[in-house]
Amino acid sequence: MTARTARVELTGAAEDLVRRLVAQHGPLMFHQSGGCCDGSAPMCYPRGEFRVGGSDVLLGRVAGDAPFWMSADQYVYWRHTHLIVDVVPGRGSGFSLEAPEGVRFLLRSRVLTDEEWRRVEAEPPLPTGADPPD
């Protein structure tokens with residue numbers, strides 16, 4: 001089986017923060033909903049504390065094995081992009097684990113290259129919350 005085209009990554013600063021959060025809280029997960037609270041900010045939770053919906057899309061894993069989920073509605077808008085999770089000073093208005101650290105995760109993106117898009121189109125659909133866990 002060939003590896004999928006990378007759809008999401010962390011900056012070095014975000015990766016450092018995730019390592020610290022894992023040390024405090026154990027395995028983590030991310031969810032990008034586009035809903036209330038910070039809306040476009042990825043939210044970080046202890047793995048299993050946030051219930052993934054059946055239509056949520058698993059974009060990939062970051063920082064080793066932290067799943068990064070996105071709501072199906074948001075994925076419609078972001079499917080042509082490569083997402084970069086960064087961390088910036090300030091406190092978000094959500095319930096994400098980094099809030100007490102005085103920082104917040106921030107989503108940056110770039111459009112997939114033509115070559116990346118051709119690979120994505122040839123790959124099977126991304127897993128969803130309705131698929132059996134791996």
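Colleague: What makes the contact between the side chains of Glu-123 and Arg-4 a salt bridge?

Modeller: Bear in mind this is a predicted model. The N to O distance for Glu-123 and Arg-4 is 3.7 Å, and the cut-off is within 4 Å, so the pair qualifies. Glu-123 sits in the segment after α3 and Arg-4 in the segment before β1, so the bridge ties together parts 119 residues apart in sequence.

Colleague: Why is Arg-4 called partly exposed?

Modeller: Its relative accessible area is 35%. Buried needs under 20% and exposed needs over 50%, so Arg-4 lands in between.

Colleague: How do you know that Asp-65 and Arg-47 meet in a salt bridge?

Modeller: Same kind of check: N to O is 3.2 Å, and the limit is 4 Å, so it counts. Asp-65 is in the loop between β4 and β5, and Arg-47 in the loop between β3 and β4, 18 residues apart.

Colleague: And Arg-118, why is that one exposed?

Modeller: Arg-118 has a relative accessible area of 51%, and exposed means over 50%, so it makes the cut. Its salt-bridge partner is Glu-115, with the closest N and O atoms 3.3 Å apart. Glu-115, at 39%, counts as partly exposed.

Colleague: What makes β3 and β4 edge strands?

Modeller: The open sheet has the order β3-β2-β5-β4. β3 and β4 each have a single partner strand, so one side of each has no neighbour in the sheet.

Colleague: How do you know that β4 and β5 pair?

Modeller: They share five bridges, in the antiparallel sense. Pairing takes at least two, so they pass.

Conventions: Residues numbered from 1 in each chain as written. Predicted model: local features only at pLDDT ≥ 70, side-chain atom pairs only at ≥ 80, totals over all residues. Heavy atoms only, no water. Helix = DSSP H or I, 4+ residues; strand = E, 2+ residues; numbered from the N terminus. Buried < 20%, exposed > 50% of the residue type's maximum accessible area, 1.4 Å probe, protein only.
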